[in-house]
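Reader: I'm new to looking at protein structures and would like to go through one in small steps. Could we take it as a chat, one question at a time?

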Amino acid sequence: MPKVKFDILESTCVPLPFENIDTDQIIPARFLSATSRQGFGDNLFRDWRYKKNGEKNNEFVLNNPKFNGKVLVAGKNFGSGSSREHAVWAIFDYGFRAVVSSFFADIFMNNALNNGLLPIVISDDLLKKLHGMIQIDPGTKVKIDLEKQTFTILSAGDSVKFAINPYKKECLLKGLDDIDFLLSMKSQITSYENNKSLVK
Amino acid sequence: MKSKTLFDKIWDSHVVRSIENGPDVLYIDRHYIHEVTSPQAFNGLKERGIPVFRPGKTLATADHNIPTKNQHLPIHDQLSRNQVERLTENCQKYGIELFGLNDPKNGIVHVIGPELGYTLPGMTIVCGDSHTSTHGAFGTIAFGIGTSEVEMVLATQCILQPKPKKMRITLDGELHKGVTSKDIIMHIISEISASGATGYFIEYCGSAIRKLSMEARMTICNMSIEMGARGGLIAPDETTFEYLKKLSSIPGIKDINSSVNEWKKLQSDFDALFDRDLKFDAGLIKPMITYGTNPGMGMAIDDSIPMSDAIGNQASSSFIKSLDYMGFKPGMKLLGLSVDYVFIGSCTNGRIEDFRAFAQIIRGRKKAGNITALIVPGSKKVEDQMVAEGLIELYKNAGFEVRQPGCSSCLAMNEDKIPQGKYAVSTSNRNFEGRQGPGSRTLLASPLTAAAAAITGRITDPREFITEEKKVKK
């Protein structure tokens, strides 16, 4: 579905330094009843963003005008739990284009890559340093260069390589679509079906 | 020939094409869909103007958002009703078999797949739901996928998937009375943390696994995702074959005996290598309960909440935040804590054996006055079986009302929500913040522990209710 391209992104960051943020926090189940992909950003982190009475929770980072940007910097094991792609749609719809953590849950990682949201894994130490820098200076900028696979904290000059599956990288750089690719293989799929055995 | 794990054997035989430096194009034998994660995928097909490639390999059910009362009436919530109607329309339009609301085969997708004979050894199975790992109990590669991948399967019967690493978890030894398969998996998760198996696919082995029923095996495979694994499987054996032989029919299979001969080949080679090997002793496992907001935060029911998080770090801000949410403190004991709700059901513990286990404790007793109970069978067939065994009556006599099937309070998409600040002992799979309703506080446990809490109104060690003679098989 998405033919979103990604090449270079330079942005300030929004910090969310908690571990094990699961997809139920990103988008609670009661907001999954929509049948389109749009509009989920309004309910991103809903139960942290709003108080029980529906008022904005000013202590939550998304409601703090000091912090903004297209890069969400999370804690370890981000996106665990439910396979709901709505979590990725919500993050993307809100305006983020990359999520940085030291560890992502598998399904979230696939879902993100399938929607043009770049998941970037950096070391625990660098993640901790980055969180510290953002707290001191919310204007801290990072630069993500997908072609070179580099993640740079601009003010500090720290630049690290990040890993991405070469196929997925190609798709994101060129805006290619997985389903177009699979559809082009139909005759190969049919011939596989005709020759299938239980195990090899 | 190189030795292979069972996972490798099934995976490799489903690779249509390997992309250099990329994922594999993996053929999918069985695709389950439900109302919540499929509509956007069907929209995608419509936009592309393409059909479902192999509609006979996809099966649909409505389970996530449906009410568990008065299912014969139109769904009250407009958005939920719309989602279920869209599923019905899409299934009709694309020729997909649907076990919708009020169908005698309706139920939670991971409960009905196996009980209707659609989940068979050696298959690759996917569904837009992370608990698809449940089907691994039959010796399948089964895992949850996102909606973009649902669209891939509908369009081509294939998905693009990098091959995970392999982990073997061996469980030997004898389980003690009052300890169930739910406690086994909760124990393992508490040992290796909620992210300890991320990047891996698990094979469960060992004498204690071999002794488990299919229902009990499904509970274990179901929660593989709760330690981050894509899935977990158990090689098929006589228990698997007996379960399948007892089904009234298996779609697509005429001679089960010849299939069984094929399925017997589904074993890891004795010298196959795993990327990670873990061993556990069933005899050391006690009834478990969670105290935090991820399934890794679990402990033996008579233990105290640890002073620091699972990996032994100093109490981190995430750990403290989690305990604050639950209203707990490090070092606290949970036994005796008054609770408000008990939920039995879900794709983890919504099968007939689970309701039998619960019945074992409530039989001849009464529900505690402070408890609101949500008793939700995993499927219509489970409900029918409960009627046949007199369990509905038994539950009623003990003060429990049995609901109609669905995912219910496990994720609280419908009305079955646990209120703000209330404690629920739940047989489901996730204790995330707000999972069972905004502000709800979930304590995951086995059906036996849930039953003990339902009777006493407090967190109670289920072993107090069970004698050696009545030892549960699970």
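Author: Sure, and one term comes up right away: a salt bridge is a side-chain nitrogen of Lys or Arg within 4 Å of a carboxyl oxygen of Asp or Glu. Keep in mind that this is a predicted model.

Reader: How many salt bridges are there over all chains?

Author: Side chains of opposite charge can pair when their charged atoms come close. Going by the 4 Å cut-off, the count over all chains comes to 34 salt bridges.

Reader: What does the salt bridge between D24(A) and R435(B) join?

Author: The two side chains meet with N and O 2.8 Å apart, and both D24(A) and R435(B) are buried. D24(A) sits in helix α1 (residues 23-26) of chain A, while R435(B) sits in the loop between β17 (423-426) and β18 (441-444) of chain B, so the pair joins two chains.

Reader: Now D12(B) and K4(B). Which of them is buried and which is partly exposed?

Author: These two form a salt bridge, with their closest N and O atoms 2.9 Å apart. Buried means under 20% relative accessible area, and partly exposed runs from there up to 50%. K4(B) has 18%, so K4(B) is buried. D12(B) has 22%, so the partly exposed one is D12(B).

Reader: How many residues apart are R217(B) and D237(B)?

Author: Their side chains meet in a salt bridge, 2.8 Å from N to O. The pair links distant parts of the chain, with R217(B) in helix α8 (residues 214-222) of chain B and D237(B) in the loop between β11 (231-233) and α9 (238-246) of chain B. R217(B) and D237(B) are both buried. Along the sequence they are 20 residues apart.

Reader: Which residues are linked with R37(A) in a network of salt bridges?

Author: The network takes in residues of chain A and chain B. From chain A, R37(A) is linked with E85(A), D177(A) and D180(A). From chain B, the names are R48(B) and E151(B).

Reader: What area is buried between chain B and chain A?

Author: The size of an interface is often given as the accessible area lost when the parts come together. Here 73 residues of chain B are in contact with 59 residues of chain A. Carbon and sulfur atoms give 58% of the buried area, which is about 5600 Å².

Reader: And which three residues of chain B supply more of the area that chain B buries against chain A than any other three?

Author: Together these three supply 11% of the area on the chain B side. One of them, R48(B), also belongs to the salt-bridge network. The three are S13(B), Q40(B) and R48(B).

Reader: How many salt bridges and how many residue pairs in polar contact are there between chain B and chain A?

Author: One salt bridge across the chains pairs K196(A) with D29(B), 3.4 Å from N to O. That distance fits the 4 Å cut-off for a salt bridge. Between chain B and chain A the count is six salt bridges, and for polar contact it is 26 residue pairs.

Reader: Which helix gives the largest share of the side of chain B that touches chain A?

Author: By class, that side has 27 nonpolar, 26 polar and 20 charged residues. The largest share is seven residues, and they come from helix α5 (residues 147-156) of chain B.

Reader: How far apart do the C-alpha centres of the two domains of chain B lie?

Author: The domain assignment gives domain 1 (6-278) and domain 2 (289-470). In contact are 44 residues of domain 1 of chain B and 47 residues of domain 2 of chain B. The two bury about 3700 Å² between them. Their C-alpha centres lie 24 Å apart.

Reader: How many salt bridges are there between domain 1 of chain B and domain 2 of chain B?

Author: The side chains of R430(B) and E226(B) meet in a salt bridge, 3.1 Å from N to O. The interface of the two domains also has 24 residue pairs in polar contact. Between the domains, the count of salt bridges is two.

Reader: Last one: is G75(A) buried or exposed?

Author: G75(A) is found in the loop between β2 (71-74) and α3 (86-94) of chain A. Among the residues G75(A) touches are L16(A), F18(A) and H131(A). Its relative accessible area is 6%, and the cut-off is 20%, so G75(A) is buried.

Terms used:
Residues are numbered from 1 along each chain as its sequence is written. Chains are lettered from A and ligands numbered from 1 in the order in which they are written. This is a predicted model: local features need pLDDT of at least 70, side-chain atom pairs count only at pLDDT 80 or more; totals for chains, interfaces and linings use all residues. Side-chain values use heavy atoms; hydrogens and water are left out. Helices (H or I, at least four residues) and strands (E, at least two) are DSSP runs, numbered from the N terminus. Buried means under 20% relative accessible area, exposed over 50%, partly exposed in between (1.4 Å probe, protein chains only). Contact means heavy atoms within 4.5 Å. Buried area is the accessible area (1.4 Å probe) that two parts lose on being put together, summed over both. A polar contact is a pair of N or O atoms within 3.5 Å; within protein, one must be able to donate a hydrogen and the other to accept it, and residues adjacent in sequence count only if both atoms are side-chain atoms. Ala, Val, Leu, Ile, Met, Phe, Trp, Tyr, Cys and Pro count as nonpolar, Asp, Glu, Lys and Arg as charged, and the others, Gly among them, as polar. Domain bounds come from an automatic or database domain assignment. Lists of a residue's contacts leave out its neighbours within four places in sequence.
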